[in-house]
Amino acid sequence: MSKDQMIGLVATHLRLLQRAADAFDEAVAAALGINRTDLRALDLLLGNDTPVSAGELSDALRLSPAATTTVIDRLQRAGLADRIPDPHNRRRVLVAATNTARDAENRIYAPVGVAGSEALGRYTHEQLATIVDFLRVARRVQEEQASRLAGTEARQPAPGSRLRRAGSDGGPGLAV
């Protein structure tokens, strides 16, 4: 197989992986009784050890403040997020994932982590390093292309924000 053919095969399998991830995210959202936007917000909340402001959440999700309030309302009704007073500013409210959300994260994603670890266990350390490098490059390409389509440079969260755009950190949480 030529290098060009192999690149095409990688591209095909990336597309299939994206479809599988989308299907899994859809199943997770359905299991939690929320929509995909709410799931993205929940992922951001679960990825932070401390509560975040609605403004930080709005920026990370690229939603208007009103839309973010609606997302927070839905997550709160579902028992997955709480609004809590900001200890440093009486007029500000912060948002945090609940223990129910953390329990759901463990229930849903622990089996995924076990299966993923088992699947990756067949690779050598060097092969895993190559996979990590590929994933970083692939993520960067996707972010650049999303920015190109949006007609802007890659946007970052507001200065001082502790959140990254949904799906941009590659870390633990609900993003798959």
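## Notebook: helices, one ring pair and two single residues

I began with the overall make-up and counted six helices and three strands in the chain, keeping in mind that this is a predicted model. Reading from the N terminus, I wrote the order of the elements down as α-α-β-α-α-β-β-α-α. The chain has 176 residues, of which 27% count as buried. I also looked up how far along the sequence the contacts reach: among those with a separation of 6 or more, 57% join residues that are 24 or more positions apart.

**Entry: helix 1 and helix 5**

I turned to helix 1, which covers residues 3-32, and helix 5, which covers residues 99-120. Their axes come within 11 Å and cross at roughly 150°. Since angles over 145 degrees count as roughly antiparallel, I noted helix 1 and helix 5 as roughly antiparallel to each other. The crossing of helix 1 with helix 5 is right-handed. On the helix 1 side I listed F24, D25, V28 and L32, which meet A104, R107, I108, Y109 and V112 of helix 5. Sorted by class, the residues of this contact are seven nonpolar and two charged, with no polar residue.

**Entry: the aromatic pair**

How many aromatic pairs does the count come to? I found one aromatic pair, and it is made by F24 and Y109, whose ring centres are 5.6 Å apart and whose planes stand at 75°, so I entered the pair as edge-to-face. Because F24 belongs to helix 1 and Y109 to helix 5, the pair ties together parts of the chain that are 85 residues apart in sequence. I then checked the accessibility of each partner: F24 has 27% relative accessibility and counts as partly exposed, whereas Y109, with a relative accessible area of 10%, is buried.

**Entry: helix 2 and helix 3**

The next pair I looked up was helix 2 (residues 36-46) with helix 3 (residues 54-61), whose axes come within 10 Å and cross at roughly 125°. Helix 2 and helix 3 are therefore oblique to each other, and their crossing is right-handed. I recorded R40, A41, L44 and L45 as the contact residues of helix 2, and L57, A60 and L61 as those of helix 3. By class, this contact of helix 2 with helix 3 holds six nonpolar residues, one charged residue and no polar residue.

**Entry: V95**

I then picked out V95, which lies in strand 3, residues 89-97. Is V95 buried or exposed? At 2% relative accessibility V95 counts as buried, the cut-off for that class being under 20%. Leaving aside residues up to four places away in sequence, V95 touches L45, P51, V52, I72, A81 and D82; of these, L45 is also one of the helix 2 residues in the contact with helix 3. I noted as well that V95 and T50 are 45 residues apart in sequence, while their C-alpha atoms are 8.9 Å apart in space.

**Entry: R62**

My last look-up was R62, which sits in the loop between helix 3 and helix 4, the latter being residues 65-77. Phi of R62 is near 60°, a positive value in a residue other than glycine. Most residues other than glycine have a negative phi, and for that reason I wrote this one down. R62 has a relative accessible area of 44% and is therefore partly exposed.

Key
Residues numbered from 1 in each chain as written. Predicted model: local features only at pLDDT ≥ 70, side-chain atom pairs only at ≥ 80, totals over all residues. Heavy atoms only, no water. Axes fitted to C-alpha atoms, helices over the stretch in contact; angles between N-to-C directions. Helix = DSSP H or I, 4+ residues; strand = E, 2+ residues; numbered from the N terminus. Parallel < 35°, antiparallel > 145°, perpendicular 65-115°, else oblique. Left-handed = near helix turned anticlockwise from the far one by under 90°. Contact = heavy atoms within 4.5 Å. Nonpolar A, V, L, I, M, F, W, Y, C, P; charged D, E, K, R; others polar. Phe/Tyr/Trp six-rings, centres within 6.5 Å; stacked < 30°, edge-to-face > 60°. Buried < 20%, exposed > 50% of the residue type's maximum accessible area, 1.4 Å probe, protein only.
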